[in-house]
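Visitor: I'd like to see how the words people use for a protein model get tied to actual values. Can you walk me through one?

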Amino acid sequence: MHAGRLAELLGRWSSGREALYQKLAARLEALIERGEIPADGRLPTERALAAELAVSRNTAVAAYDVLRDHGLVDRRRGSGTFVRRPPRPGRGVVSQFNPMFLHLLDPVPDLIDLTCAAPPQPADFPDLVAEAAGMVGDFGIGYHPSGIPALRQAIADSYTARGLPTEPGQIVVTSGAQQGISLLAQLFARPGDTVVVEELTYPGAIDAFRGTGARILGVPLTADGVSVPALAEVVAGARLVYLVPAFQNPTGSVLPPAAARRVVALCAAHGVPLVDDHVLADLALDGPPPAPLARHGDGVISVGSLSKLIWGGVRIGWVRTDARTAADLARLKAVADLGTDVVAQAIGVGLFARLGELREQRQRELRDRRDQVVRDLRAAVPSWEFRTPAGGQTLWIRLPGVDSRRFAQFALRYGVALLEGSSLAAHESSGEHIRVPFTLPRETLTEAVRRLRQAWDAYPGANAAPLALAGTGPECQGDRHATFPAQRDDRPAG
């Protein structure tokens, strides 16, 4: 198993107050027991794993010794370390892993989570729910695979108001944008099909397309969004194109209108469906929001959501498309869950009634937090390279001369979880980038910057360029100790 892949599976193994080797051994044991590390598989060398996790080689050696003492691995001199214990019956190997969603599955106390860019619950949300509850009407038996009529009408009206005439029959309500993307993947992609995405993009979309067995093809990004010439070279062989043209996730770029028209025309000329993920379009912080790609021509499928604008717990998303495709999606939706929760949809109707006010409130909040984080980061870590985005909710930061995946492992010991660049790449890459959201409360963001500064100051390779080769840098001479949480890199006596 490649050390980078194992590092992804390990997740937040280093959080906590036990010695590092004990935490590493415990996490490896759990992965072996669950079958996420294949039986009879060979683990990475101690040197390779230590370099990937930004720990000393002694830590990896001690962890592997614990596994050997527990009868989980064989250590063969000159050959490597091999898993002995088979997975428990009925458990399959987890073939894919998305670090962005790890906090949902494996929460850690006292950890500032910067991996998921989602707004916290608004203080007045109970009042919004109480007000919206008055919108609840007679919805029959409660199964509406396409969505309740009132919400579909509200969503359609919001597009029409933006210069894109839309009928309710073109709308399918989903349980968040993630489900909308997943349904589109099921509808269009088959094993072996090519799905074109931006080289850096939303990880949930990559997971959805890979889940169908499709081949993911990443197209390079420019400072102004997807490279149109590069897209033109590959679109003819694609089954589907998925883009985030408005405040692109993670880079924050915006596709200019002229380029947007060329992209739409390219896909239309080759008969390739184009998915426009415009979930972030309403989060314009400097200037007006970008127009949906569907404004530039037919054949565009739009995906939207209230989760980024209101709160992550509002699982109301939608797909806008032609009526025939909407009907096909509704059939898939019926198989998935019979329809999004009707009470949540009724609340969504009430939220749409106040959408303009709620949008302005959210934009003010995000603008204030963005400006604070930009100011604090430039003062605390001036060597980090990034530009201030005109919208969205994240910064795309380059750590000069440092492997971001290794730094993310190191930062966990200072109480910060980071999403590194490889997690957002269509193809495996190490990279020097991290994505930092500015969605958390201001005091939390201040503390996050403080911890990041501590981690950066202590990280052995922070001022080294180019990157040190695995096993040759100071990180292999002994682990640094963080002030949060307390860490020990001691081995048992004897």
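Guide: Sure, here are a few terms, each set against its cut-off. Keep in mind that this is a predicted model.

Visitor: Let's begin with the whole protein. What does it contain?

Guide: The protein has 16 helices and 16 strands. Of its 494 residues, 56% count as buried.

Visitor: Why does Gly4 count as buried?

Guide: Buried means under 20% relative accessible area. Gly4 comes in at 2%, so it counts as buried.

Visitor: Where is Gly4, and which residues is Gly4 in contact with beyond its neighbours within four places in sequence?

Guide: Gly4 sits in helix H1, which covers residues 3-10. Setting those sequence neighbours aside, Gly4 is in contact with Glu52 and Arg405. Contact here means heavy atoms within 4.5 Å.

Visitor: Now two helices. Why are H2 and H4 called oblique to each other?

Guide: H2 (residues 20-34) and H4 (residues 57-69) pack at about 50 degrees, and their axes are 8 Å apart. Under 35 degrees would be roughly parallel, and roughly perpendicular runs from 65 to 115. The angle of about 50 degrees fits neither range, so H2 and H4 are oblique to each other.

Visitor: Which residues of H2 and H4 meet?

Guide: On the H2 side they include Leu24, Leu28 and Ile32, and on the H4 side Ala63, Val66 and Leu67 are among them. Sorted by class, the contact of H2 with H4 has twelve nonpolar residues, one polar and one charged.

Technical notes
Residues are numbered from 1 along each chain as its sequence is written. This is a predicted model: local features need pLDDT of at least 70, side-chain atom pairs count only at pLDDT 80 or more; totals for chains, interfaces and linings use all residues. Side-chain values use heavy atoms; hydrogens and water are left out. Axes are lines fitted to C-alpha atoms, for helices over the stretch in contact, and angles run from 0 to 180 degrees between N-to-C directions. Angles under 35 degrees count as roughly parallel, over 145 as roughly antiparallel, 65 to 115 as roughly perpendicular and the rest as oblique. Ala, Val, Leu, Ile, Met, Phe, Trp, Tyr, Cys and Pro count as nonpolar, Asp, Glu, Lys and Arg as charged, and the others, Gly among them, as polar. Buried means under 20% relative accessible area, exposed over 50%, partly exposed in between (1.4 Å probe, protein chains only).
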